[in-house]
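Student: Could you take me through one part of this model in some detail? I'd like a close look at the nonpolar core, and then how it sits in the rest of the structure.

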Amino acid sequence: MIKRSFKGGVHPLSRTHEGKQLTRNKAAEVFEPEFVTIPMNLHLGAPSEPCVKKGDIVKERQVIANPVGFLGLPIHASVSGEVVSVAEKQQLGPKKVMCITIKNDKLHTLEEPMEPIGTCETADPKRIVQRIKEAGICGMGGAAFPLHVKLTIQDEKYADTIILNGAECETHLTSDFRTMLERSDDIVAGLRAIMRAMNCENGVIAIEDNKPEAIEAMKKAAEGKPGVRVVELKTKYPQGSEKQLITVTTGREVPRGKLPIDCHVIVTNVATAAAVKSAVEDNRPLIRRVTTVTGKVKTPMNLLVPIGTSVHDMIEYCGGYDGEVAKLVAGGMMTGPAAPTDDFNITKAMGGVVALDAKEAEACEEGPCIRCGRCVSVCPIGLNPSRIKQYCDANNMEGAKNNNVMDCIVCGCCSFTCPAHRYLTASFKNMKDRITLASRLGGKK
Amino acid sequence: MTAYSVTTAPHIRTKESTTSIMRNVLIALTPCLIAGVCFFGFLSLFVVAVCVVSCVFFEWLFEVIMKRPITIKDLSAAVTGMLLGLTMPVTAPWWMCIIGSAVAILLAKQLFGGIGDNFLNPALTARAVLLASWPGRMSGAAFVSPNFLGKVDSVSAATPLAPGAMGEGGYSILDLFLGRIPGTIGEVCKIAILLGFVYLLVTRVISWGIPVIIVLTTGVFGWIFNGGGITTPIVSVLSGGILFGAVFMATDYSTCPMTALGQIIFAFGIGLLTAVIRRFAGYPEGVTYAILFMNIVTPLLDKYIKPTIYGEQKEKKEVAKVA
């Protein structure tokens, strides 16, 4: 079979392992923290509203915060124990967020399970979407978009293909890879549930060819499952970007400014599908995830942790830092935000943490553009980053917009490849935020 | 708790830098320089050295006077000097080298904003100015025959592009290829140029598109304009500065288009113009002016040719269907 790929893109660390060799053979290990601090903005959209107070004793899987607004999701206690604080705390975002801290009694006292709705193959399709919402499932690949919203589509639209994103093209991270190895059957079952909920006959599991074990495991799990197939992709960053993934697997392109559903595709992460299976068949909400702790730590590992586990505790569990650490990245090297301290908590969408030493963290000095055109050739969207950057530097919003800055997916390829080490991606992200803000403010007038 | 450095993603950058690219260009030019020394003697080393030193000096001087950050470490001025030196005849006097360097760095590069902002290739601009100012010292009589690998040296010789230079008693295709012909220091030895080309390809400094299209276009139109003949395309490609210009001058980042289609048009234009100038203009060598002309067209090509944006094509198709 021809391995498919897309236009542009880069190989950040190496063509084959991309920094993943540190943890790819580490099976997910269960880690029980003493405390969990669960932020209320685990998902995209308005933060949930806490419904417990300090001193309350909560059971594992109990709802501790109620959904707010259209994109809202409930939040469940990821451990059992006493609520020791409901207070604002600094996480990775610009503002402090409300967080619920629970002291883990390690008894795993369980809340009454949710009402059974059958298996992934028998459950009523309408109940599946409802269950996905009740279980607090959002995309676990990074964007944390509530899955039930993605699955609730207008009448005139339809989906004919569900793609499970197992590309994991970011550097260092292996949490999806481990999930595919260890929960292959759950992933396929979850995919079937989503397919049935959407009345959709094609299910594709897309995996990069630097994960042959995962491809094999998923192929085996998909055997005999109606409509489910595994597609092997040629390793290249940003393969796991929704738009690129859709194009390589279906040959379709998401129309500009539209969503995947406008080309009849729904994409979600492999770990999300496994969570769907647990929610539908085992009546369990999403309260744990696999996270990669890697880079300059003594023992790089994949940990199965309750949502809200402190990164500091996880790094301690991995034997602490290996030498002096200068930068901590929440996610992969290409898109992950840098954390000012390790005092932040695992969310539903955080696939890993990478610790970097001073040499790796060295900030590069921006030189003048030499017009080499490398940014143009690697841009997977087909933009001219060099030109857009001129408009960004000149603070010209109109010019940047006319050169399609809003189409930028902030993948980081241009910055990565720039020999003058210009901060292209950062400028574009900033400009996009400003344009969005300006249009919102304009709308209010 | 320790505070870590917070910078924006991506947290990993390519190992390449402007300096490493320029260093690679210098390395790629070295075979041409060595060939030049072999064919024309150590005087050619002197010519190139004067150009390099004065280019770097002028860049430094300008930046000191203008109180700008000193950028001579990025080696781009050295590359300009080397390119200029290699496109000079070995008989060029030292003061011409210095004037050429001043034109390249001060006029063509720094006055327009320095690296990346110049719209004309600095070395070629300097060469054009020198060519117009001292035609006798830059071409024709200024070219001595190489005194290496056979040919007996004479004081001066016509370039193979001058009418009647080829054929009986003239130069063979092998002469053209090895470089046993009169010409500028760097352009004569095609083997050295090809070595440099391969090096630039391997180190991914340039891609093959621009040089190959220029050479093919020149060959094809040279053949058409000169009324056919089996050897004409080969001769027109191997003579004069077309190969050197195609590999080292036309691929200059600042002055060639950034998009693939733009680069194809750019290269085609250079090839066509070279053939036209060679055949129909009163001047035997057209590469310099062809490249400079297409340099001027580059901003237009970059303005009007935009890469297809993801999702755009499909959008158009769907609109067409509705209509």
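Tutor: Here is a walk through the core, then the chain around it, the contact between chains and one sheet. Keep in mind that this is a predicted model.

Start with the largest nonpolar core, which has 217 residues. The members that touch the most other members are Ile187(A), Leu191(A), Ile194(A), Ile205(A), Ala206(A), Met218(A) and Cys55(B). So which element gives the most to this core? That's helix 1 of chain B, residues 18-40, with 10 residues. On the chain A side, the core draws at least three residues from each of domain 1 (20-24 + 136-281) and domain 2 (374-444).

Now zoom in on Leu191(A). Leaving aside residues up to four places away in sequence, Leu191(A) touches Ile162(A), Leu164(A), Gly203(A), Ile205(A), Val228(A) and Ala273(A). One of those, Ile205(A), is also on the list of core members with the most contacts to other members.

Step back to the whole of chain A. You're looking at 14 helices and 17 strands. The radius of gyration is 21 Å, close to the 22 Å that the globule rule gives for 445 residues, so chain A is as compact as a globular protein of that length. Its C-alpha trace spans about 65 × 55 × 50 Å along the principal axes. Buried residues account for 56% of the 445 residues in chain A. As for contacts between residues at least 6 apart in sequence, 72% of them join residues at least 24 apart.

Next, the contact between the chains. Chain A puts in 54 residues and chain B 36. On the chain A side, strand 15 (325-330), strand 16 (338-339), helix 13 (413-417) and helix 14 (424-444) each supply at least two residues. Strand 15 has the largest share, at 5 residues. By class, this side of chain A splits into 31 nonpolar, 15 polar and 8 charged residues.

Last stop: a sheet in chain A. Here 4 strands form an open, antiparallel sheet in the order 2-8-7-4. Strand 2 (35-39) and strand 4 (57-58) are the edges, each pairing on one side only. If you follow strand 4 inward, you meet strand 7 (residues 81-90), and the two pair in the antiparallel sense over 2 bridges. For one specific pair to click on, take Ile57(A), whose bridge partner in strand 7 is Glu82(A).

Technical notes. Residues are numbered from 1 along each chain as its sequence is written. Chains are lettered from A and ligands numbered from 1 in the order in which they are written. This is a predicted model: local features need pLDDT of at least 70, side-chain atom pairs count only at pLDDT 80 or more; totals for chains, interfaces and linings use all residues. The radius of gyration is taken over C-alpha atoms; the globule rule is 2.2 Å times the number of residues to the power 0.38. A residue is buried if 20 or more other C-beta atoms lie within 10 Å of its own, exposed if 12 or fewer, and partly exposed in between; C-beta atoms are placed from the backbone. Two residues are in contact if their C-beta atoms, placed from the backbone, lie within 7 Å. Two strands pair if DSSP finds at least two bridges between them. Ala, Val, Leu, Ile, Met, Phe, Trp, Tyr, Cys and Pro count as nonpolar, Asp, Glu, Lys and Arg as charged, and the others, Gly among them, as polar. A nonpolar core is a set of buried Ala, Val, Leu, Ile, Met, Phe, Trp, Tyr and Cys residues joined through C-beta atoms within 7 Å. Domain bounds come from an automatic or database domain assignment.
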